[in-house]
Structures are given as C-alpha cells and as structure tokens.
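Here are my notes for anyone opening this structure without having seen it before. Keep the view at hand while reading, and go through the points in order.

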Amino acid sequence: MSGTSTNHPSMRYALLFTLAFFSSLAALGQKSTITGRVSDAISNESLPIAAVKVEGANLGSTTDFDGRYTIEDLEPGLYNLQISLLGYAPRTIYEVEVTALRPAIVDVQLEASTTRLEEVV
C-alpha cells in the first residue's frame, strides 16, 4: 500500500479543516450590499428620488422610479441608514447588519412632513 492515503481519519480532518479555513478567508474579503424600497407610510406608494445614505461614510444611493435603491461595496458590519426626501420627515434606521453571505434588505416608509413652506412674495 502507498504511504499516503486520504482514508486515514486524521488526514480527512486536516483536509476538511484546510477547506473550511480557506473558504472563511474568501468570505472575509467579500463585500456586500444594502438594498430595499422607500415608500409613503400612508399610501404605500413608491417614493422616487429619495436619498439613502450610510451614516459616517461617503456611500449612498437615490431611489429609482419604483422607490428601490442599492448601496454596494460595504464591508461586513453594522451601519445606520439616513433616508430623506423633500416633503417627508427624515428617518434613520439604526444598526443594519451587513454580512458577506447575503444582502441586507431594508424597506422604509416615510411620513409626510407637517412643516409648511412660507410663501415668497
């Protein structure tokens, strides 16, 4: 018989450990995304052109015609999202968890602002 065999139990464990180790290293280098939809709290209608920003970072997005947004290239971690749109009260979503395994989905409803603009004469 040959001197090396993968049938030996310790050899199998070493092989499994090596595969698991390199798989976890690959996952550490991956970036992820936050995606979702911004809508009106009363009508549930999509809100286009809402600003969605990652607090403390120079990352963000604007919602499309369907109120959908995607923020890419995020390292795994916790993030706060700031959502704003003229005519609506701004909103912050705290501690959005981003992992390398799947995108974080954050749907947000904004309430119409009660602040009135003064008429310019």
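1. A word on naming before we start: strands are DSSP runs of E with at least two residues, numbered from the N terminus. By that count, Thr-33 sits in strand β1, which covers residues 32-40. Keep in mind throughout that this is a predicted model.

2. Now the overall picture. The chain holds one helix and eight strands, and going along the sequence the order reads α-β-β-β-β-β-β-β-β. Of its 121 residues, 27% count as buried. The accessible surface is about 9,000 Å², with 56% of that belonging to carbon and sulfur atoms. If you take contacts between residues at least 6 apart in sequence, 51% of them join residues at least 24 apart.

3. Back to Thr-33 for a moment. Is Thr-33 buried or exposed? Its relative accessible area is 19%, and the cut-off for buried is under 20%, so Thr-33 counts as buried. Setting aside neighbours within four places in sequence, Thr-33 is in contact with Thr-70, Ile-71, Glu-72, Leu-74, Pro-103 and Ala-104.

4. Next, have a look at the open sheet. Four strands make it up, in the order β3-β2-β5-β6, with antiparallel pairing. Strands β3 (60-62) and β6 are at the edges with a single partner strand each, so one side of each has no neighbour in the sheet. Ignoring direction, neighbouring strands of this sheet are turned by 20° against each other on average. As background, strands of a sheet pair through backbone hydrogen bonds.

5. Two of the pairings deserve a slower look. Strand β2 (residues 51-54) is joined to β5 by four bridges, running antiparallel, and here Lys-53 stands opposite Gln-82. On the other side of the list, β5 (residues 77-84) pairs with β6 (residues 91-98) over six bridges, again in the antiparallel sense. In that pair, Tyr-79 is opposite Val-96. Strands β5 and β6 form a hairpin with six residues between them, and Gly-87 in the turn has a positive phi of about 95°.

6. Gln-82 is a handy residue to click on. This residue of β5 is partly exposed, at 32% relative accessible area. Not counting neighbours within four places in sequence, Gln-82 has contacts with Ala-51, Val-52, Lys-53, Glu-55, Arg-91 and Thr-92. For Glu-55, which is 27 residues away along the chain, the C-alpha atoms of the two residues are separated by 6.4 Å.

7. What about the nonpolar core? The largest one has 21 residues, and those that touch the most other members are Ile-34, Val-38, Tyr-69, Leu-81, Ile-83, Val-106 and Leu-110. The elements giving two or more residues to this core are β1, β2, β4 (68-74), β5, β6 and β8 (108-110). Take Leu-110 as an example: leaving out residues up to four places away in sequence, its contacts include Val-38, Leu-47, Ile-83, Leu-85, Tyr-88 and Arg-91.

8. How many salt bridges does a search of the whole structure find? The search finds one, in which the side chains of Lys-31 and Glu-75 meet at 3.6 Å, N to O. Lys-31 is in the loop between α1 (9-28) and β1, while Glu-75 is in the loop between β4 and β5, so the pair ties together parts that are 44 residues apart in sequence. Both ends are partly exposed: Lys-31 has a relative accessible area of 46%, and Glu-75 one of 38%.

9. Finally, two backbone angles to check. Most residues other than glycine have a negative phi. Asn-44 is not a glycine, yet has a positive phi of about 65°. It lies in the loop between β1 and β2 and is partly exposed, with a relative accessible area of 40%. Glu-95, also a residue other than glycine, has a positive phi near 55°. Glu-95 lies in strand β6 and counts as exposed at 59% relative accessibility.

Terms used:
Residues are numbered from 1 along each chain as its sequence is written. This is a predicted model: local features need pLDDT of at least 70, side-chain atom pairs count only at pLDDT 80 or more; totals for chains, interfaces and linings use all residues. Side-chain values use heavy atoms; hydrogens and water are left out. Two strands pair if DSSP finds at least two bridges between them. Buried means under 20% relative accessible area, exposed over 50%, partly exposed in between (1.4 Å probe, protein chains only). Contact means heavy atoms within 4.5 Å. Accessible areas come from the Shrake-Rupley method with a 1.4 Å probe; for residues, only the protein chains shown count as cover. Axes are lines fitted to C-alpha atoms, for helices over the stretch in contact, and angles run from 0 to 180 degrees between N-to-C directions. A nonpolar core is a set of buried Ala, Val, Leu, Ile, Met, Phe, Trp, Tyr and Cys residues joined through side-chain atoms within 4.5 Å. A salt bridge is a side-chain nitrogen of Lys or Arg within 4 Å of a carboxyl oxygen of Asp or Glu.
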